[in-house]
2 protein chains.
Amino acid sequence: MSKFNDSENKIVMPANTMLNPVPAIMVSCSHKDFNEGRPNIITIAWAGTICSDPPMLSISIRKSRLSHEIVSASGEFVVNLVSRNLLKACDFCGVRSGRDYDKFQECHLTSIPADSLSSAPAIAESPVSISCKVAGVYELGAHDLFMARIESVTVNAELMDEKGRLCLENAELVAYSHGHYYELGDVLGFFGYSVASPKALKRRLDEMNRNHKKKSG
Amino acid sequence: MSKFNDSENKIVMPANTMLNPVPAIMVSCSHKDFNEGRPNIITIAWAGTICSDPPMLSISIRKSRLSHEIVSASGEFVVNLVSRNLLKACDFCGVRSGRDYDKFQECHLTSIPADSLSSAPAIAESPVSISCKVAGVYELGAHDLFMARIESVTVNAELMDEKGRLCLENAELVAYSHGHYYELGDVLGFFGYSVASPKALKRRLDEMNRNHKKKSG
């Protein structure tokens, strides 16, 4: 591998939440005892996959949030991935409270039943909705960590190719980094590319960038 | 807000780890009882911020991994963010074991003392290194969840502007999505942009894209 010029100039900053980039996701939830059963959406960046088998993810929610109460009561939520055309709604759901706004109505979004769940709805306009059941809650400080089992995943049919493979690169997903939202740009590699043969490497990278650009224009 | 065409065609898939995009990070660690004290690096995508105050993050590690043993014994690790020029090393550290390779040597990386920690080193070539102390471990299945307090953050001086603000958009960070690594592309917005005035919105988006392209172009 090539050598690096290591930077000698380092600056130490106080502890802060500097892990980047992170996902920007829209979490939908509902419970009959809150807001007359109307579903709510909360935008969350403090989220991550935490286990492959069983498939699990976590979201962290401030105690003060309406969605904290709803998810605590229902034990269910849906993680809706955010495509470029959903971003404005995603941002709005992160800065406004479900106590003041019906976010589905305000953002012209459609609440649909989520697979495997009884109360939390999915957002129809999201390309990928992940149905989750809470497996444990951990109080950490400003946020509580909700660990959840992934029950099933619902995707837009148009993201499947003719061989039945999910082409998530066509979903135009958004990443969040240090206060900014970004589109995903060029494909730089695939898992394992550093040990692939040069020939296999070139073929796969060319193929991926072709697929990625076909959709994004 | 504009209306969406909601897709009627949805396909339900079995549960899988479908949260995307996620970070791709290089976790460095060391303990005198393992590999004669030589530091190790493990690449992790199952990571996330879990609390703002205190600042905390989590990483999930398979029980079989050498780094699982090292981090369990030392109670420390460093999360090194991955810039474009580190990506090949990042991928390599995800597919090879520290039991077979000295990854710092193999990838021509430099191990330097990490701020606030006694055993885990940082990777000098990473633009941002986050010093972490384990606060709790949670067994989930294939992976164990390591919850950690962020102790301090060390950044390359060249990422600071003349006003002392961190310009992380110049770090060329990489995102991971469904098996592929991506560069961060165009800036699409900033936190709160959906409720900003049209004038403020245009000014800030222009400014951000100028800054972002200055470096990457």
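**A two-fold pair of chains and the sheet they share**

Just after helix H1 of chain B, Gly75(B) adopts a positive phi of about 70 degrees. This glycine makes a convenient starting point for a walk through the structure, which is a predicted model. Helix H1(B) itself covers residues 66–74, and within this helix Ser67(B), Ile70(B), Val71(B) and Ser74(B) are buried. Viewed down the axis of H1(B), the buried residues lie within an arc of 90 degrees, so they line one face of the helix. Against what does this face rest? The buried residues of H1(B) pack against six named partners in chain B, listed here in order: strand E3 (25–29), strand E4 (40–44), strand E6 (56–62), strand E7 (76–81), strand E10 (128–139) and strand E11 (143–156).

The two chains are related in a simple way. A turn of 180 degrees with a shift of 0.0 Å along the axis lays chain B on chain A, with an RMSD of 0.0 Å. That is the relation of a two-fold axis. Among the residues of chain B, it is Gly185(B) whose C-alpha comes closest to the rotation axis, at 2.0 Å.

The interface follows the same theme. In it, 94 residues of chain B are in contact with 94 residues of chain A. Strand E13 (residues 180–190) of chain B contributes the most to the side of chain B that touches chain A, namely 11 residues. By residue type, that side of chain B comprises 53 nonpolar, 27 polar and 14 charged residues. The copies meet through the same surface, because 100% of the interface residues of chain B are also interface residues in chain A.

Strand pairing also links the chains. An open sheet of 6 strands, with antiparallel pairing, runs in the order E2(A)-E12(A)-E13(A)-E13(B)-E12(B)-E2(B). Its edge strands are E2 (22–23) of chain A and E2 (22–23) of chain B, each of which pairs on one side only. Within chain B, strand E12 (residues 174–177) runs antiparallel to E13(B) and is joined to it by 4 bridges; here Ser177(B) stands opposite His180(B). A further link between the chains brings together strand E11 (residues 143–156) of chain A and strand E1 (residues 10–14) of chain B, which pair in the antiparallel sense over 5 bridges. In this pairing, Ser152(A) has Pro14(B) as its bridge partner.

Finally, the domain assignment divides chain A into domain 1 (22–159) and domain 2 (189–217). Taken over C-alpha atoms, the centres of these two domains of chain A are separated by 32 Å.

Key: Residues are numbered from 1 along each chain as its sequence is written. Chains are lettered from A and ligands numbered from 1 in the order in which they are written. This is a predicted model: local features need pLDDT of at least 70, side-chain atom pairs count only at pLDDT 80 or more; totals for chains, interfaces and linings use all residues. Two residues are in contact if their C-beta atoms, placed from the backbone, lie within 7 Å. Helices (H or I, at least four residues) and strands (E, at least two) are DSSP runs, numbered from the N terminus. Ala, Val, Leu, Ile, Met, Phe, Trp, Tyr, Cys and Pro count as nonpolar, Asp, Glu, Lys and Arg as charged, and the others, Gly among them, as polar. Two strands pair if DSSP finds at least two bridges between them. Domain bounds come from an automatic or database domain assignment. Copies are superposed by least squares on the C-alpha atoms of residues with pLDDT of at least 70 in both. A residue is buried if 20 or more other C-beta atoms lie within 10 Å of its own, exposed if 12 or fewer, and partly exposed in between; C-beta atoms are placed from the backbone. The arc is that of the directions from the helix axis to the C-beta atoms.
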